[in-house]
Structures are given as C-alpha cells and as structure tokens.
Amino acid sequence: MELKLKCVSSSVLRTFYCVLLLSVPLIKGFTDTKLLTRDDLKSSIDVFTQVNVKAFGQLLFDIQRYQLIVGARNYLFRLSLEGLKKLEEAHWPADPENIHTCGLKGKSEEDCMNYIKVLVSHGNRIFSCGTNAFLPECSWRDIDSLKSRNVEWESGEAKCPYSPYTNSTALMTSQGDYYVGSTIDFSGQDPVIFKITAKQPTLRTVQYDPKWLSDANFVASYEIDNFTYYFFREAAVEYINCGKVIYSRVARICKNDQGGQYLLKDKFTTFLKARLNCSIPGNYPFYFNEIQSVHYIEREEIFYATFTTPVNSIYGTAICAYNMTAIKNSFNGAFKYQEKPNYAWERQTTQHKHFQCEMSNKKNDEHILDSEKYQLMNDAVQPMTSLPIIHLQLERFSHIAVDTVQTKQHDSIHVLFVASVENIIRKLVILPGSKEACLIEKIQVFPEASTDTMKVMKLLKDTNSLYIGTELSVLRIPVHRCDRKHSKNECLASMDPYCGWDENKIACTVAPHRNPQSKYWHQDRIVCPKTDTPVNGEWGSWSGWFECSQVGYDALGDRCLCQKRFCDNPAPANGGKDCEGNSVHVSNCTRDGQWTDWSPWSSCSQTCGLGMKTRRRICGNPAPAFGGKICIGPEKDEIFCTANPPCPAATASPIDGHWSEWSTWEECSAPCGGGIQVRRRRCNSPPPQHGGKECIGCNQDYKFCNINPCPEVKKSTPWTPYHRVNHTKDGYFEQRLRFTCRANVPDESMLRIGHMRKEERFCREGSRNCLDSAFMSIDGGWSAWSTWSYCSASCGGGVQYRERYCDSPKPVGGGMECQGSARVDRPCNIESCHEVEGWEAWSVWSLCDENQEQQRKRKCKIATNPSAYCTGPTKEIRMCIPSQIEASANQDVRSKEDGIHAEHIAGGFVLGLFLGIGISTLGCYIYMKRKHNTRHTRVATQLIPVKPNTYVDGNEWKNNYSNSLSLHKMDHQKATIKRNGSQRTHLQLENL
C-alpha cells in the first residue's frame, strides 16, 4: 500500500508544502522482536574476505599467539582474533598436472582445486591437508610462519578425503597420533577411521564391511581419557532387513590399540559403536535420526548435538544432550550380534576387559575373535532429558556451539548458539533446574538476498565471540549485545546471562572484570523472558534511499529521495511506548534550473578597428539539483562594435637569426682505423624573420675518432662441393675450392676474397671410397680378434687359438704393416683323460637349428653314481660351418662303417704314389709330342674372344696401382682374376 505523508519544509526564498507518495509497502503481520538483522550488527561484527578466495571451511584457534588459522580454497591464512586482520597468507594451489588429470576423470574445474579439509596442531606446528584436485596432499608448517622454508610435504592418501564435498573429521592426540574419519578413495565408497603414528603401524577399520562402517558421514571427533570418540551418521545395518534408514552413532577406540597379529592385522581390535537416541517418546516414538553437529563441554563431560529428520521425511529438527555416563553405560553393556546375514540380530554378553583398553603384552586370541565378532552395542545412548531440549518443525539445525557462563546466582549457565540452514543463529539459555531452553535472541547472519552459506561455526571463550567460516568470508560475532538495552528494566528483563546493570556506568554491560559477584553490577535470576512485560518501541535502521513523488505549492520539480524506518527494534508490545520521531526522511528533491538576468555589455575588445562586446548569464536562479533539468539556451551573447576608428598599418621589425645549442656528438662512423663524428645545430633560436639576417657559420661540426688501428681479420669461405675435373680410363679426379683473405679492417664484411685454396682426390669408377692424390700411403690396422677355436684335444691338455687380420685398414702405398702377433694360443681341456673314461662316445652332430648351431651329447657308462666316474659336460654346442659339417659327416659315415686304421692310411699312401707317377708320365708324353709337331692344324670350332678381366682393366691397374701401390700388397682375389684373364688370352692366341 502507499503511504501519503504531508510535511513542511522551508527555504531562504519561500515555503511550500509537499505530499510524498511512498512506494515501499508496510510490513504486515507480526514482527519478530528478537530478530537482529545484519544491519543491526554491522557496528560490532568483523568480516574478512579476499578476492577469488572461497570455501573458508577450517578454523583453528591459537590462543598463545592470539591468532586464528583459517583453511580455504587454495589458501592458508593467519588472522588476528579481534578484528580479523590478515597477518599472513600462504598460497597453496593444486598442481597443474593434477588439475589436468582431474578434468580428464570427469570432474569440474571448480572441484579440481585444493580445498583445505584437515587443520590440526601439535606443539608449535600445524598439520594441514588439501584435496589437491582429487589427489590429497599434506604439509607440516610452523604455526607462526606459514610460508617459512621449514615446510615438510607428504602424501595425503589415507589422511584426507579426495572430494571437497566429503564430510570428515580429524584430530591429533596429545601423544602426536593422527586420527581421521572420512572416505579415503577417489569414488568416496570407502568410509574409514584411520590411525597414523610414527612408532606403530597404521591401523584402520575393516574395509567394505557394513557391520563396521556403512556409508558413514562423519561429524566430529574427540580425545577423552584413554579413548577417541567419533560421531557420525550411517545406514543402519541392523535395520537393513526392514528397509534403509539412517542412524546416528557414537564410536569409541582405545588409544593404545595395536591391532591384531594375524587376525585383524593392521585393523582396530577395540572398535565399538552405539546408536544415539534423540526422539519424542510415546507408543510410536518420533526419531530425529540424522546427527548434524556436536559440541563437547569438557569440564562437565556433556555433549550437545543437533539432529534432523531425513530430507524425504517431515521437515523437523531437535537438540539433545548426553553425558559421558550414558555413553559409558552403553559401551559397557551387551552387544548386538547377527550370526548369519539372514538371521535376526540378538543380544549377547561377553567380557569387556579387552574393550576397556586393558592391554597385555601377549595378545589373547579370544579377545581378537570378540573384536571381529562384536562391533555394535545393543543399548542406545539415552539423552539427559526424556524430551529433546528443543524441537521445531519446518526448521533444520546445522551447527551448534555452547558456552558456559557464570551469573550472579549460578556457577554455570549453558548458552547454546544454534545455526539453521536458513542462516539464522538462535541464542538459547538452558535453565539449570528444569533444563528448559529459553530463546534470548535470533541473529540473521547474512544480508537479505545473500547466497552465502555457513560451513563451520566455533566459539572462543577468551574473546566472547562466535567465529563463522562461510563460503565467501570469515565472520566474528560477539556473543552478547548488552549495549542495545537502554534501560535497567529492559536490561534485567532480557534474561541474557552475559548482561547486567552497572550502577557506576548506568548502562547494561557484561560483568566487570568477569566477576558477576560485583556489588554494583545487578542481575536477576535467569528465567525465560516474560512475554507480558511492557516493551517500549525502538526504531530500526533506516532503509536505503528510494525515489518518491513530490506535490505541493510552487514546486519546481516532481521527484525526491526518501528513507524509511520502522518501530520494530523492538516493536512496542504489552502497552509499551511507541517510537518517537519521524519514520520518513525526505531529501534531494528534484529542481529544474532557471537563468539569471543578462549582465551589462562589456567594453569593446579593442580601441580601433572591428571589436566585440559580450554579456553573460548563469543557470542559477535556481540551479538544477537532484536530477532537475538544466537551463535551455546560450549563457553568452556577443555583438560587434563598429564605432571604433580604423587601426594604423602595423610594421614588424626585422629579427636576425641565431644558432641553437650544439647537439651531442653522434656515434663514430668507424669502430677503428679512424672515423668521423658529427654534431649539428639549427638556426632557429630565433629563426630570421621580417627580413632579418641568416645565422653566420656552419650548421655542422666534424672531428676524428677511433684512430687506433684495426686488428687483423681473417675470413674464409666454406669448402665448395667436390666436382670432377679430369677423367681417365681407371677413374676420375675431383676438386674442391675455398677462398681466404686477411686484412686490418674494422668489420669482416669489408674483406674481399683473394687467395684460393684447392684440394684434389682420386676416385675409382664404381668405388665409394676416394683417395687423396697427395697422400696414398696408409698404415695397416688390426681387425677384432676372432672367437676361440675348438680345443685340439678333448682331455689331457689341448690348444685353442684365435686370429686377427691386418685389414682394418690394410696397409696401402708406403704404409706400415700391423705390429704384433696375428695369432694367440691358450691351453684347454687340461683335465686328465682318465677322468673321462666312464663316458660313452659322443653322438653325431645334430642338424643346424634355428640359431645356426649344432649339438652333440654323450652319456656316462656308470648309471649308479655318474658324478664319481664321469666329469665334464654331457652336451657340446658349436656354430654351423659348412666345411666342418661336410668333414664331420664324412668322418661319421666312415666311423659308422668300420673306422680308420693305420693300415688304411699306409695303403692309401702307396696307391696315391703309383697313381701320381702314372699321370706324370702321361703328361710328359703328350707335351713332348706337341712340341715336336711342326704342323699346326686349324681348329674347327671358332673360339669366342674373351676380355682378359671383366672386373679389373689392365689400364686401370697401371694408372691406379703401378706407381703408388706395391704388387705384393694387392688384393688376392683381384690378382687371381687378372691371372685367369691372362691365361685365357694366351689360350685364345694359340688356338688362332
């Protein structure tokens, strides 16, 4: 609805009335008097933000240094506890290779960053872990210098979750043992409680066993006496036969747990868990099954926890409190056990000595079997009150922090700060006797329409402040607002345990020097605030400026700016007084501009000739304001003045030119050998005008420079490619050229090539190698040694040899022969022959196999104890050599028939002697007969002419080798070919 407000304003010139039509609607319905908005807190709240930094999810207090350690995305910060001033920052981004790999695995760019998930301290160091693009990484740092060089890096596997969205909890015990509850795999399917210590092997819960952990979401963990406690929610394995439901749990593990030796090796043997009961009792109890947050009061051993209903159930939430006695009773009671998967869960009892951390040096197998058999307690942990401390519908509590406050009448009052998913923090007081929860105030953490969300909330007694980590910032909010109570009645009626009336200051304050027993500080007995007490109204904060209409007598504009405030902080109630003052503030009304009257004409701009006269006006009668229209038209008017006498003709005096200052000397024209430097000036100071004289002198000046002689420079061109210059029958000559010049010049580019150098070599036709025509003498070089030959005797001592050849390269021309021996011998098979008397004969050499090798074998004649009678190998291997194969084959054939004896050799020798004499006699006869035959008969068959040597021409031999190479060093194969060619030539001539 629109509100029409009539007000009176005055000015120096006139007074007018205006009526404002406000377009802001009034708040209808009941106004929550206990709600404090973000604007109400802006004077007392501290905020820390940084550009491009998000996810402030980890907070760690360092009281000794009065600082707050904050873990965010890609950053670690050190902030002051009061004011949240930045002391230090450490940039910790994810590795670029990990980011690339993370993207390839289907994760978004936002998820593939380094989210800090673990932040704990031990002594003067902090241990922090980040997701590091789904490849966790941890570091140890000095608590007072995050960027110091003393940073120790280690893998975050089994110490930190992979995903930034995983719920996890971690603690560092007083002994320095590290415990973490989280999922420790990429897929998030392996929930685990892990223990890492330097003195013992790592321990964990059993993997993929729902009786231990079933899709657990961890909330908090604490070190208490000999145990570590873990609060989490998980799928209830005992209810699985009836459907899936989530139960809240508390688990306990002994700190001195060493794991099993064989059974449950590297696994916890003292792990137990119990259900946390938070419900509205009745014939059909209504359960709040999903735990969201826990706070532990160490001095009183009390846990406060927030619970919610499942998201697909009735929207509700509750707070329940548990003492340590109830938790111990549950863990000391009976177990719940299921013998087989299809069997019902039964109640069983057994000894608890092993689960009470009473460890002996010798591990009892019966205790280990109990550890594997029992994990779930039969009795749930019951709350301190029959009903939840508070339960609400259509709300969901997310975080809780608890403070204990000493008041005038009580030593300890529990004050609960409970945050909801709607980002509202309720401040509740628990009355000591009845355990009734009284609402003191509600705090709206974020401005309206903000999309920020809370991630963590902690309370610090030393500063009486709440510290909240959100998606975009870190906040510090004081736990009390005593200064908002302006009267004694209002102060005492608020029932805030932090506030009382100070007679000396005549103000509502906290207890002076934290002593609530001070005589001049008054505080009533804490009860729930009375609802019938008169409450005087107080103005809320002014709204932002908005446009509003203006209507009235002689109004020059049509728009204004307005502010509104409401009497709702608190609103008057129970007969209380209304707020005093105006609820609307009007300012900046629109005003159009108007011209003033024209000024008188000015004097003429000159005393002779044609001049100008001007007059002016300004847009200031009134001036435009607050978006009003400007004046229309010119602000200056001009006319010509023609009554002046004509001006005499002007004559200009001549001005002679003068030189400017010399410029600096330019760079020398040559680096050596004498150069020239130039400097210049211009005739422009001033230039000659109106017939003035030109400047006298030169505009340039020269001097010699760098007269030292230049060093000698030598320049050569690269060798040209070889080109043929002379052909012979045996081959051809090749030449290549290059040119060289040497002179004393400053730059080699000034050289002119003069001297030519030539190299020549000779190449044979068809050969890849060419010889320098000037150097044809080459010394010989040894080839590599050949392999050792076979031993000359199989036993009793033989000889092996190896050879090398003087062909790498062969000596050419006047080159020297290779120095040294061409053959080396060594003894072999030196064992006595009587040691091989037990062997049978060697078998025949086998055919060549795929490795070009032959094999033969032999057997020992004595089968009972062959090692005593037979020594040496049972198998021999040799390379396949054709000549050896043929000789061996022939020898084997003869051996198979009857062997070779001495008489065979003698007979063969005699037979060969006679056969040789006969053949020699026949040859002599034929030769003598042809010699004495003087008549030559013509050969009937025509002989085909044959070239003496198709491989090496006679001329080629003369040209290439006759002068530079000796005949006895020529290749044996080529020499043979030439001799054969000559013999064929002689035969041809004789036949013809």
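1. UniProt, in an unreviewed entry, lists residues 905–928 as "transmembrane region". The model discussed here is predicted. Over residues 905–928 the chain is 100% helix and 0% strand. The end C-alpha atoms of that stretch are 35 Å apart.

2. Helix α8 covers residues 902–932, and Leu913 has its place there. Leu913 also belongs to a nonpolar surface patch, together with Phe909, Val910, Phe914 and Ile917. The patch offers about 550 Å² of accessible area in total. How accessible is Leu913? Its relative accessible area is 47%. Leu913 is partly exposed because that value lies between the 20% limit for buried and the 50% limit for exposed.

3. Next, a sheet. Three strands make an open sheet in the order β38-β37-β39, with antiparallel pairing. Strands β38 (507–509) and β39 (521–522) are at the edges, and each of them pairs on one side only. Strand β37 takes in residues 500–502 and meets β39 over two bridges, in the antiparallel sense. Which residue of β39 does Trp501 face? Trp501 stands opposite His522.

4. Salt bridges come to a count of 27. One of them joins Arg78 and Glu88, with the closest N and O atoms 2.8 Å apart. Arg78 sits in strand β7 (residues 75–80) and Glu88 in strand β8 (residues 86–91), so the pair ties together parts ten residues apart in sequence. Are the two partners buried or exposed? Arg78 has 12% relative accessibility and counts as buried. Glu88 is buried too, at 13%. Both are called buried because their values are under 20%.

5. Glu300 and Arg299 also meet through their side chains in a salt bridge, at 4.0 Å from N to O. Their exposure should be read residue by residue. Glu300 is partly exposed, with a relative accessible area of 28%. Arg299 is exposed, with a relative accessible area of 65%.

6. A further salt bridge brings together the side chains of Arg679 and Asp701, 3.1 Å from N to O. This pair links distant parts of the chain, 22 residues apart. Arg679 is in strand β45 (residues 675–680), and Asp701 is in strand β46 (residues 700–705). Arg679 is partly exposed at 22% relative accessible area. Asp701 is partly exposed as well, at 24%. Elsewhere, Glu234, Glu238, Arg249 and Lys273 are joined into one network by salt bridges that share partners.

7. The aromatic pairs number 24. How are the rings of Trp212 and Phe271 arranged? Their centres are 5.2 Å apart and their planes stand at 15°, so the pair is stacked. The pair links parts of the chain 59 residues apart. Trp212 lies in the loop between β16 (203–204) and β17 (217–224). Phe271 lies in the loop between β19 (246–254) and β20 (272–275). Trp212 and Phe271 are both buried.

8. Phe286 and Phe288 give an edge-to-face pair, 5.3 Å centre to centre, with 75° between the planes. Phe286 is partly exposed, with a relative accessible area of 32%. Phe288 counts as buried, at 3% relative accessibility. One aromatic cluster is formed by Phe48, Phe56, Tyr75 and Phe77.

9. A last point concerns Thr349. Where is Thr349 placed? It is in the loop between β27 (346–348) and α4 (365–373). Thr349 is exposed, with a relative accessible area of 58%. That label applies because the value is over 50%. Tyr337 is twelve residues from Thr349 in sequence, and the C-alpha atoms of the two are 9.7 Å apart in space.

Conventions. Residues are numbered from 1 along each chain as its sequence is written. This is a predicted model: local features need pLDDT of at least 70, side-chain atom pairs count only at pLDDT 80 or more; totals for chains, interfaces and linings use all residues. Side-chain values use heavy atoms; hydrogens and water are left out. Patches are made of residues with over 30% relative accessible area and no salt bridge: like charges are joined within 9 Å, nonpolar side chains (Val, Leu, Ile, Met, Phe, Trp, Tyr) within 5 Å. Accessible areas come from the Shrake-Rupley method with a 1.4 Å probe; for residues, only the protein chains shown count as cover. Helices (H or I, at least four residues) and strands (E, at least two) are DSSP runs, numbered from the N terminus. Buried means under 20% relative accessible area, exposed over 50%, partly exposed in between (1.4 Å probe, protein chains only). Two strands pair if DSSP finds at least two bridges between them. UniProt positions are given in the numbering used here, feature names are shortened, and annotations may be inferred rather than shown by experiment. Rings of Phe, Tyr and Trp (its six-membered ring) pair if their centres lie within 6.5 Å; planes under 30 degrees apart count as stacked, over 60 as edge-to-face and the rest as tilted.
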